[in-house]
Amino acid sequence: MEAEELVNGDGDDLEAALLSVDSQLEEHHHPRSIRRFASNTTSQLAIIGSNLCPIESLDYELIENDFLKQDWRSRGAARIVQYVILKWTLCFLVGALSGAVGFFNNLAIENIAGVKFVVTSNMMLDGKYWRAFGVFAGSNFLLVIFASAITAFISPAAAGSGIPEVKAYLNGVDAPHIFSLNTLCVKVAGSIAAVSSSLYVGKAGPMVHTCACIASILGQGGSRKYKLTCAWLRYFKNDRDRRDLVTCGAGAGMAAAFRAPVGGVLFALECVSSWWRSALLWRAFFTTAVVAVVLRVLINICRSGKCGLFGKGGLIMFDVTSEDVPYHLVDLTLVVLLGVIGGIFGSLYNFLLDKVLRFYTLIHQKGHVYKFLLAASVSIFTSCCLFGLPWLASCKPCPAGLAEACPSIGRSGNFKKFQCAPGHYNDLASLFFNTNDDAIRNLYSLNTDTVFQKSSVFLFLVTTYFLSIISYGLALPSGLFVPVILSGATLGRLTGILMGSHATLNNGLFAVIGSASLLSGTMRMTVSVCVIMLELTNNLLLLPLLMLVSLISKTVADAFTANIYDLIVKLKGLPYLESHAEPYMRQLTVGDVVGGPLQVFNSVEKVGNIVHVLKATGHHGFPVVDEPPISDSPVLLGLILRSHLLVLLKKKQFVHTRAISSIDTTKEFSADDFAKRGSGKNELIDAIELTAEEMNMYVDLHQFMNTSPYTVVETMSLAKALMLFREVGLRHLLVIPKSTSGMPIVGILTRHDFMPEHILGLHPCILKNKWKKLRFGRLSMVKIFNDLRDWFKK
């Protein structure tokens, strides 16, 4: 069959487009080779973890073909009940395993970091300061190198927090190894090592990715390799069910990190999920409830002292309960001010982190040695800051009438002795020489307004703010939540100290509000931030203040930069579809962005032609068109997927003539044959061996093509098509002509056709449109005021 002048614009493969099948074969003989078409400037490669990887799209559309319809009709009530039970059973397993992993992570971090601090403190008590520094810096160095090595050599996809990858996956972007067993193991071990090494990185982001991995592995639908082929598991062999389970896993990860079940559900809804419905809400809530129960049971076991140092500080939980939180008008003014400051500092944080990540990406491209050198340099610099800066603070006498020991030796607390004389403590060491969790707990402490000096808190704020920026982006698992909470708490504490007697709120409550402010300023979450902070602090009375500061901080920060995860998604090159259409998309039609040409198939197609096209392209969907003499005029019959074509070729159910087959497909095929394989797993055309005789035979596609694909007319606005594409979760959107004469299809829209880079590359004049989205960080205030003045003159 000759190539038609049609678009099969699937952006899921490694090729943006093809000029023609024949020219492609002449230039590239491997089916996965890259071939760019001038009209599409977007890439099908993205940075996953710390490596460049090919990406594909997920297909959440239910395929409706004659074969699968017949399979669904044959299912009885018992199989439907099995399917429902399986959904809830997997949610329970995700919750239970997430709670267990969250507990294990905290148990390991508390003990590894705790032993390090105890040994170092004991050496300092004996006056062996240089030896203490050597042990402190050396242990941190080894932990960082271990985390970087297992990440670089075993699973590069485990680098970073993983939240951008999870967010992109739930938006419909798939990449190899993001949810593999290796990634899961490296994420757990690497996160423990990185957080224990005193780097200013968090464990919440890695926990979200870890629990998403658990959900994805459980939702793979079984494994022939490990002989897990139970008939029940095959119900989950589709992208839609896996998406829902990964969403529950993401919420469970946040719940396990902060012991915040409701906050975990809201985080999944507000931050990572692109599709949400009430049924998913119930399952996500059930999953996080299981996490909370498992954590409670395991923590109670540790209260007997069987978990080493764990339980002294406890799972991250900052109890700042107060019988009353009185605040007056002046306090509301300060909260508003703190919201504005948090928004400015949050947007600056995002801006600086974006620049640092771009720089780190250039270093990572040079190889493993440079990754290790970068990680080692940051580790040594951090150890020098944490051990050296407390020497700048003066020693203070222990306050009288304290409930806790002062100085606190060999344990967490507000009163670290460091180099001070007996009966004195170093307030800066109490913040630096602790785990991040214990430092946050010290800042949140009530009735400690005189414990920390103004200069110490300011120095700690500057240090943690910039160390958290340079620590993220290394080739190891690392999160942003806890460092941002810590920096925000320090900012709030400093605000409370500076206000002094002008405020009625104590400094510990200001620290809580400061954390919410900076979180909203960097991540642009409001509802989930409020609930997570309430569950962290066990203080419902703070809700009005948290709501106010979060809204103000987000509003201010939105004027300057995008939220941090959107910036990282864009930096990684992930083709994420936003929930809104850019204004310029309303000026364009879908016909303005499709290009071509590519190949289509007949309803009864020659085997050799199918093999020829599959080897020449990496596309995943092909229109099926009947032409004369088979039909009176060209007719679009549907869409056939690449994976389904590979199944047909593998089964070799061919016919000798170009006629509709009489083969009973229910006997030769099963629905399991066409089930979607796991994430990153694809069949290869080269693995199928066909004889010369078989290449000249035909395949009947009638019962296996999607006879009702989503279609739009070529005059539809691009903005409207984007909303349809995103809300339904499509992989292919067929564009049909407005007139009935000629070919019945104009092209196929895929995810990459909606990317701004592709659209603006085709229509650069849009860049001059005054209605494009504005950000204060990109345009000067003078230009904005001038535009407004010109508008009013009109």
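## Overall picture

In the protein chain, residues 24 or more positions apart make up 79% of the contacts with a separation of 6 or more, a contact being heavy atoms within 4.5 Å. This is a predicted model, so local features need pLDDT of at least 70 and side-chain atom pairs count only at pLDDT 80 or more, while totals for chains, interfaces and linings use all residues. Residues are numbered from 1 along each chain as its sequence is written, and side-chain values use heavy atoms, with hydrogens and water left out.

The chain has 27 helices and 13 strands; these are DSSP runs numbered from the N terminus, with at least four residues for a helix (H or I) and at least two for a strand (E). Of its 794 residues, 57% count as buried. Here buried means under 20% relative accessible area, exposed means over 50%, and partly exposed is in between, using a 1.4 Å probe and protein chains only.

## Two covered helices

Start with H7, residues 204–218. Its 15 residues should span 21 Å at 1.5 Å a residue, and the end C-alpha atoms are indeed 21 Å apart, so the two agree. The expected span is 1.5 Å times one less than the number of residues. As for its surroundings, 13 of the 15 residues of H7 are buried, so the rest of the structure largely encloses it.

H14 (residues 436–444) is mostly covered too, with eight of its nine residues buried. Among them are Asn 436, Asp 437 and Asp 438, along with Ile 440, Leu 443 and Tyr 444. The cover over those buried residues includes H3 (77–125), H13 (427–432), H15 (454–471), H16 (481–499), H17 (507–523) and H18 (527–537).

## Around H5

Ser 155 sits in the loop between H4 (129–153) and H5 (163–171). With 3% relative accessibility, Ser 155 counts as buried. Leaving out residues up to four places away in sequence, Ser 155 touches Ile 150, Asn 182, Thr 183 and Val 186.

H5 itself packs on H9 (residues 261–272) at an angle of about 75 degrees, with the axes 10 Å apart. That makes H5 roughly perpendicular to H9. On the H5 side the contact uses Ile 163, Lys 167 and Leu 170, and on the H9 side Phe 267, Cys 271 and Val 272. By type, that is five nonpolar residues, no polar ones and one charged. Nonpolar covers Ala, Val, Leu, Ile, Met, Phe, Trp, Tyr, Cys and Pro; charged covers Asp, Glu, Lys and Arg; the others, Gly among them, are polar.

## H11 against H12

H11 (residues 329–364) and H12 (residues 368–388) pack at about 135 degrees, with their axes 8 Å apart. Axes are lines fitted to C-alpha atoms, for helices over the stretch in contact, and angles run from 0 to 180 degrees between N-to-C directions. H11 is therefore oblique to H12: under 35 degrees counts as roughly parallel, over 145 as roughly antiparallel, 65 to 115 as roughly perpendicular, and the rest as oblique.

Tyr 360, Ile 363 and His 364 of H11 meet Tyr 370, Lys 371, Leu 374 and Val 378 of H12. These contact residues divide into five nonpolar, one polar and one charged.

## A three-stranded sheet

Strands E11, E12 and E13 form an open sheet in the order E11-E12-E13, with mixed pairing. Strands pair if DSSP finds at least two bridges between them. E11 (711–713) and E13 (747–749) are the edge strands, each pairing on one side only. The twist averages 35 degrees from one strand to the next.

E12 (residues 733–736) runs antiparallel to E13, and three bridges join them. Leu 734 has Ile 748 as its bridge partner in E13.
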